[in-house]
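Here is a friendly walk through one structure, strand by strand and helix by helix. Keep the 3D view open as you read.

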Amino acid sequence: MTPVPTGTEWVVDAHGCDPVTLRSRAVLDGLFRLVVEEVGLQAVGSAVWREFPGEGGITGLLLLTESHLACHTFPERGFAAFNLYCCRPREDWPWEERLGRVLGAQRVLVRRLSRGEP
């Protein structure tokens with residue numbers, strides 16, 4: 001039996017973000033492109049976005065040849081949640097620095113999980 005390839009999943013919580021950027025599909029789409037480019041991933045197509053009405057946030061999902069990248073924003077709380085799963089080994093991305101620069105995040109919690117291990 002062939003072992004299941006090990007995957008890596010990053011579960012990222014960004015706190016203290018600028019609410020205006022958390023409502024901007026253009027900013028989040030640019031952030032997705034930055035992750036894909038800098039991590040060396042390949043998008044299958046364009047991201048799918050759901051923009052919530054009024055002061056609501058945005059949910060985004062990008063299918064990758066390596067798996068997926070997703071985000072959920074909560075502008076009313078200054079919070080954004082990200083999930084990146086890769087089925088091939090990758091180096092850690094500088095989540096703290098990039099989310100601080102792009103979203104104004106004051107605190108970023110990154111959890112890196114190994115997946116598919118017996």
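## The β3-β4 hairpin

Leucine 61 has alanine 70 of β4 as its bridge partner. This is a predicted model, so please read each value below as computed from predicted coordinates. Glycine 60 stands opposite cysteine 71, again in β4. These pairs belong to the ladder between β3, residues 58-64, and β4, residues 67-74, which pair in the antiparallel sense over six bridges. The two strands form a hairpin with two residues between them.

## On to β5

From β4 the chain continues into another hairpin, this time with β5. Here four residues lie between the strands, and glycine 78 takes a positive phi near 65 degrees. The pairing of β4 with β5 is antiparallel and runs over eight bridges. For a pair to look up in the viewer, try serine 67, which stands opposite cysteine 86 in β5.

## The whole sheet

How are the six strands ordered in the open sheet? The order is β2-β3-β4-β5-β1-β6, and the pairing is antiparallel. At the edges are β2 (48-51) and β6 (107-115), each of which pairs on one side only. Neighbouring strands are turned against each other by 10 degrees on average, direction ignored.

Helix α2, residues 25-39, packs on this sheet and touches β2, β3, β4 and β5 (79-86). The direction of α2 makes about 30 degrees with that of β3.

## Strand β1, between β5 and β6

Strand β1 covers residues 7-15, and seven of its nine residues are buried, so the strand is largely enclosed by the rest of the structure. On one pairing, β1 and β6 are joined in the antiparallel sense over nine bridges, and valine 12 has valine 110 of β6 as its bridge partner. On the other, seven bridges join β1 to β5, also running antiparallel. Valine 11 stands opposite asparagine 83 in that ladder with β5.

## Two residues of β1

Valine 11 and alanine 14 both repay a closer look. Is valine 11, in strand β1, buried or partly exposed? Valine 11 is partly exposed, with a relative accessible area of 23%, because buried would require under 20%. Leaving aside neighbours within four places in sequence, valine 11 is in contact with Phe82, Asn83, Leu109, Val110, Arg111 and Leu113. Arginine 111 is 100 residues away from valine 11 in sequence, yet their C-alpha atoms are 5.1 Å apart in space.

Alanine 14 also lies in strand β1. Alanine 14 is buried, with a relative accessible area of 0%. Not counting residues up to four places away in sequence, alanine 14 touches Gly78, Phe79, Ala80, Leu99, Ala105, Arg107 and Val108. Gly78 is the residue with the positive phi in the hairpin of β4 and β5. The C-alpha atoms of alanine 14 and valine 110 are separated by 8.7 Å, with their positions 96 residues apart along the chain.

## Helix α2 and its cover

Does the length of α2 fit its residue count, or what span should one expect? At 1.5 Å a residue, its 15 residues should span 21 Å, and the end C-alpha atoms are 21 Å apart, which agrees. After the helix comes glycine 40, whose phi is positive, near 80 degrees.

The buried residues of α2 are Leu28, Leu31, Phe32, Leu34, Val35, Val36 and Val39. An α-helix has 3.6 residues a turn, so residues three or four places apart point the same way. The cover over the buried residues of α2 includes α1 (19-22), β2, β3, β4, β5 and α3 (95-103).

## Where α2 meets α3

The axes of α2 and α3 come within 11 Å and cross at roughly 155 degrees. That angle makes α2 roughly antiparallel to α3, since the cut-off for this class is over 145 degrees. The crossing is right-handed.

Which residues make the contact? From α2 they are Val27, Leu28, Leu31, Leu34 and Glu38, and from α3 they are Arg98, Leu99, Arg101, Val102 and Leu103. Leu28, Leu31 and Leu34 are also among the buried residues of α2, while Leu99 of α3 is also one of the residues touched by alanine 14.

Technical notes. Residues are numbered from 1 along each chain as its sequence is written. This is a predicted model: local features need pLDDT of at least 70, side-chain atom pairs count only at pLDDT 80 or more; totals for chains, interfaces and linings use all residues. Side-chain values use heavy atoms; hydrogens and water are left out. Two strands pair if DSSP finds at least two bridges between them. Axes are lines fitted to C-alpha atoms, for helices over the stretch in contact, and angles run from 0 to 180 degrees between N-to-C directions. Contact means heavy atoms within 4.5 Å. Buried means under 20% relative accessible area, exposed over 50%, partly exposed in between (1.4 Å probe, protein chains only). The expected span of a helix is 1.5 Å times one less than its number of residues. Angles under 35 degrees count as roughly parallel, over 145 as roughly antiparallel, 65 to 115 as roughly perpendicular and the rest as oblique. A crossing is left-handed if the near helix is turned anticlockwise from the far one by less than a right angle, and right-handed if clockwise.
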